[in-house]
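Colleague: I have just opened this entry and would like some guidance. Could you take me through it?
Modeller: Certainly; please bring it up on the screen.

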Amino acid sequence: MNRDRDAGCWENDYSRRGRVWGGAVHNLPPFRPGLRVLELGCGNGKTFSAILEKNCEVVGVDFSSTAAILCRSLIPETARGDIALADVRYLPFADASFDVVIAFHVIGHLSGAGRVRCVGEAARVLNEGGTLYFSGFSGEDFRAGTGREIEPGTFERKNGIATHYFSEIEVQALLFPLSALECSTRRWTMTVLGQSLPRAEITAAFKKTT
């Protein structure tokens, strides 16, 4: 996958549709106030806003300028939040800068090599004892296998955005530089035109240890 092409696809999507993501954040960890949190792929600010409400210091990263503007507009004047326009594979932060890294449905939009690089960068900017929280779609999801397969388990939609569908074993191997705290599959159903369709995502928490 091409970095500039990937960014362009997301920029087109946000420019066309605006606030793409809404609703409640169902898997937000119970953060204690004062933590320094980095959100990878902050998008239009759905998760970012929920973290700010925990009285944390939050930095969001996205390579879509439209998404970054949308997310920044949600930051209250009194909140400790900021947005960086950057690629999650090349984070512009010093080593050990954050207590927590959030990667909700962002790593799965990268190529295989990109996923490895992103995890390496996330581990680099985490403090010792810090935690990375991950979510990504499972191979059990009804959308797995739809679109053009561009890498094993990775499918590209008509808008050019690709999604990788994970197994739990694959997530644990990908995040191996960190120590696993939890890795499980969340399953639910959605109804479309009277048909129940299976949804599934893998959620995980990994800690940085020596």
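Colleague: Which residues does Phe-93 touch, leaving out those up to four places away in sequence?
Modeller: In this predicted model, Phe-93 touches Leu-38, Val-59, Val-61, Ala-84, Phe-98, Arg-124 and Val-125.

Colleague: And what is the nonpolar core around it like; how many residues has the largest one?
Modeller: The largest nonpolar core has 32 residues. Phe-93 is among those with the most contacts inside that core, together with Leu-38, Leu-40, Ile-107 and Phe-134.

Colleague: Which elements give two or more residues to this core?
Modeller: They are S1, S2, S4, H4, S5, helix H5 (168–174) and S10. The largest share comes from H4, with 5 residues.

Colleague: What lies apart from that core?
Modeller: Another core, of 18 residues, lies apart from it. Leu-35, Phe-48, Cys-56 and Ala-68 are among its members. As general background, nonpolar side chains in soluble globular proteins tend to be buried together.

Colleague: Let us turn to the sheets. What is the strand order in the one with 7 strands?
Modeller: That open sheet runs S3-S2-S1-S4-S5-S10-S9, and its pairing is mixed.

Colleague: Why is one side of S3 and of S9 left without a neighbour?
Modeller: Strand S3 (81–85) and S9 stand at the edges of the sheet and have a single partner strand each, so one side of each has no neighbour there. From one strand to the next, the twist averages 15 degrees.

Colleague: How do S2 and S3 pair, parallel or antiparallel?
Modeller: Strand S2 (residues 57–62) pairs with S3 in the parallel sense, over 5 bridges. One of the bridge partners is Leu-85 in S3, which is matched with Asp-62.

Colleague: Which helices pack on this sheet?
Modeller: Helix H3 (residues 65–72) does, touching S2 and S3. The direction of H3 makes about 175 degrees with that of S3. Helix H4 (residues 112–125) also packs on the sheet, where it touches strand S1 (36–40), strand S4 (98–104) and strand S5 (126–137). The direction of H4 makes about 150 degrees with that of S5.

Colleague: And at the S9 end, how many bridges are there between S9 and S10?
Modeller: Strand S9 (residues 179–192) and strand S10 (residues 195–207) are joined by 13 bridges in the antiparallel sense. Ser-179 has Lys-207 in S10 as its bridge partner. The two strands form a hairpin with 2 residues between them, and Leu-193 takes a positive phi near 55 degrees in that hairpin.

Colleague: What about the sheet of 3 strands; what is its order?
Modeller: The order in this open sheet is S6-S7-S8, with antiparallel pairing. Its edge strands are S6 (148–151) and S8 (162–164), each of which pairs on one side only. The twist there averages 35 degrees from one strand to the next.

Colleague: How many bridges join S6 to S7?
Modeller: There are 3 bridges between S6 and strand S7 (residues 154–156). Glu-151 has Thr-154 in S7 as its bridge partner.

Colleague: Finally, the whole chain: how many helices and strands are there, and what percentage of the residues is buried?
Modeller: The protein chain holds 5 helices and 10 strands, and 50% of its 210 residues are buried. The chain exposes about 10,200 Å², of which carbon and sulfur atoms supply 53%. Of the contacts with a separation of 6 or more, 66% are between residues 24 or more positions apart.

Notes: Residues numbered from 1 in each chain as written. Predicted model: local features only at pLDDT ≥ 70, side-chain atom pairs only at ≥ 80, totals over all residues. Heavy atoms only, no water. Pairing = 2+ DSSP bridges. Helix = DSSP H or I, 4+ residues; strand = E, 2+ residues; numbered from the N terminus. Axes fitted to C-alpha atoms, helices over the stretch in contact; angles between N-to-C directions. Buried < 20%, exposed > 50% of the residue type's maximum accessible area, 1.4 Å probe, protein only. Contact = heavy atoms within 4.5 Å. Areas by Shrake-Rupley, 256 points an atom, 1.4 Å probe, with all protein chains shown as cover. Core = buried A, V, L, I, M, F, W, Y, C linked by side-chain atoms within 4.5 Å.
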